[in-house]
Amino acid sequence: MAQKQYNVTGMSCEHCAASIREGVSEVAGVSEVVVDVAARSVTVHGTDLDDGRLRAAIVEAGYGIADTVAA
């Protein structure tokens, strides 16, 4: 199983986390989305994860991405 982690800007509450979780969960291959509001991070687990689509889902939810660490 693959994992990608994103540092998200503009996220400040559980409503933010839910919006991101919902959007990212719809991307093909995603099996789990872990959002840490305090750390401003989103960790995505799944198979054949498409970085561009994951980034787009976060941006479409209304947030920015500071940088990305792929594991």
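## Ser-41 and its strand

In this predicted model, Ser-41 touches Gln-5, Tyr-6, Asn-7, Met-11, Val-34, Val-35 and Asp-36, when residues up to four places away in sequence are not counted. Ser-41 belongs to strand β3, and because its relative accessibility is 8%, under the 20% that marks the limit for buried residues, Ser-41 counts as buried.

Thr-43 also lies in strand β3, which covers residues 41-46. With a relative accessibility of 14%, Thr-43 counts as buried. Leaving out residues up to four places away in sequence, the contacts of Thr-43 are Gln-3, Lys-4, Gln-5, Glu-32, Val-33 and Val-34. Gln-5 is thus one of the residues touched by Thr-43, and Gln-5 is also among those touched by Ser-41.

## The chain as a whole

The protein chain contains 2 helices and 4 strands, and when these elements are followed from the N terminus on, they run in the order β-α-β-β-α-β. Along its principal axes, the C-alpha trace of the chain spans about 30 × 20 × 15 Å. For a compact globule of 71 residues, a radius of gyration near 11 Å would be expected, and the 10 Å found for the protein chain agrees with this.

Of the 71 residues in the protein chain, 34% are buried. The accessible surface of the chain comes to about 3,900 Å², and carbon and sulfur atoms account for 47% of that surface. If one looks at contacts between residues at least 6 apart in sequence, 63% of these contacts join residues that are at least 24 apart.

## Helix α1

Helix α1 is made of the 12 residues 14-25, and at 1.5 Å a residue it should span 16 Å, which agrees with the 16 Å that separates its end C-alpha atoms. The buried residues of this helix are Cys-16, Ala-17, Ile-20, Gly-23 and Val-24. Seen down the axis of α1, these buried residues fall within an arc of 140 degrees, so they line one face of the helix.

The buried residues of α1 pack against strand β1 (2-9), strand β2 (30-36), strand β3 and helix α2 (51-60). The face of α1 that is turned away from this buried side carries the exposed residues Glu-14, His-15 and Glu-22.

## Helix α2

In helix α2, the residues Leu-54, Ala-57 and Ile-58 are buried. When α2 is seen down its axis, its buried residues fall within an arc of 95 degrees, so they line one face of the helix.

On the other side of α2, Arg-53 and Glu-60 are exposed. Arg-53 has a relative accessibility of 54%, and for a residue to count as exposed the value must be over 50%, so Arg-53 counts as exposed. Arg-53 and Val-34 are 19 residues apart in sequence, and their C-alpha atoms are 17 Å apart in space.

## The largest nonpolar core

The largest nonpolar core has 18 residues, and within it Val-8, Ile-20, Val-24, Val-30, Val-44 and Leu-54 touch the most other members. Each of β1, α1, β2, β3 and α2 supplies at least two residues of this core, and the largest share, 4 residues, comes from α1.

Val-8, one of the core residues named above, touches Ile-20, Arg-40, Val-42, Ile-58, Tyr-63 and Gly-64, when residues up to four places away in sequence are not counted. Among these contacts of Val-8, Ile-20 is a buried residue of α1, and Ile-58 is a buried residue of α2.

## Two loop residues with positive phi

Arg-40, which Val-8 touches, is found in the loop between β2 and β3. Although Arg-40 is not a glycine, it has a positive phi of about 55 degrees. At 42% relative accessibility, Arg-40 counts as partly exposed.

Asp-48 is found in the loop between β3 and α2. The phi of Asp-48 is near 50 degrees, which is a positive value in a residue other than glycine. With a relative accessible area of 74%, Asp-48 is exposed.

Technical notes:
Residues are numbered from 1 along each chain as its sequence is written. This is a predicted model: local features need pLDDT of at least 70, side-chain atom pairs count only at pLDDT 80 or more; totals for chains, interfaces and linings use all residues. Side-chain values use heavy atoms; hydrogens and water are left out. Buried means under 20% relative accessible area, exposed over 50%, partly exposed in between (1.4 Å probe, protein chains only). Contact means heavy atoms within 4.5 Å. The expected span of a helix is 1.5 Å times one less than its number of residues. The arc is that of the directions from the helix axis to the C-beta atoms. The radius of gyration is taken over C-alpha atoms; the globule rule is 2.2 Å times the number of residues to the power 0.38. Accessible areas come from the Shrake-Rupley method with a 1.4 Å probe; for residues, only the protein chains shown count as cover. A nonpolar core is a set of buried Ala, Val, Leu, Ile, Met, Phe, Trp, Tyr and Cys residues joined through side-chain atoms within 4.5 Å.
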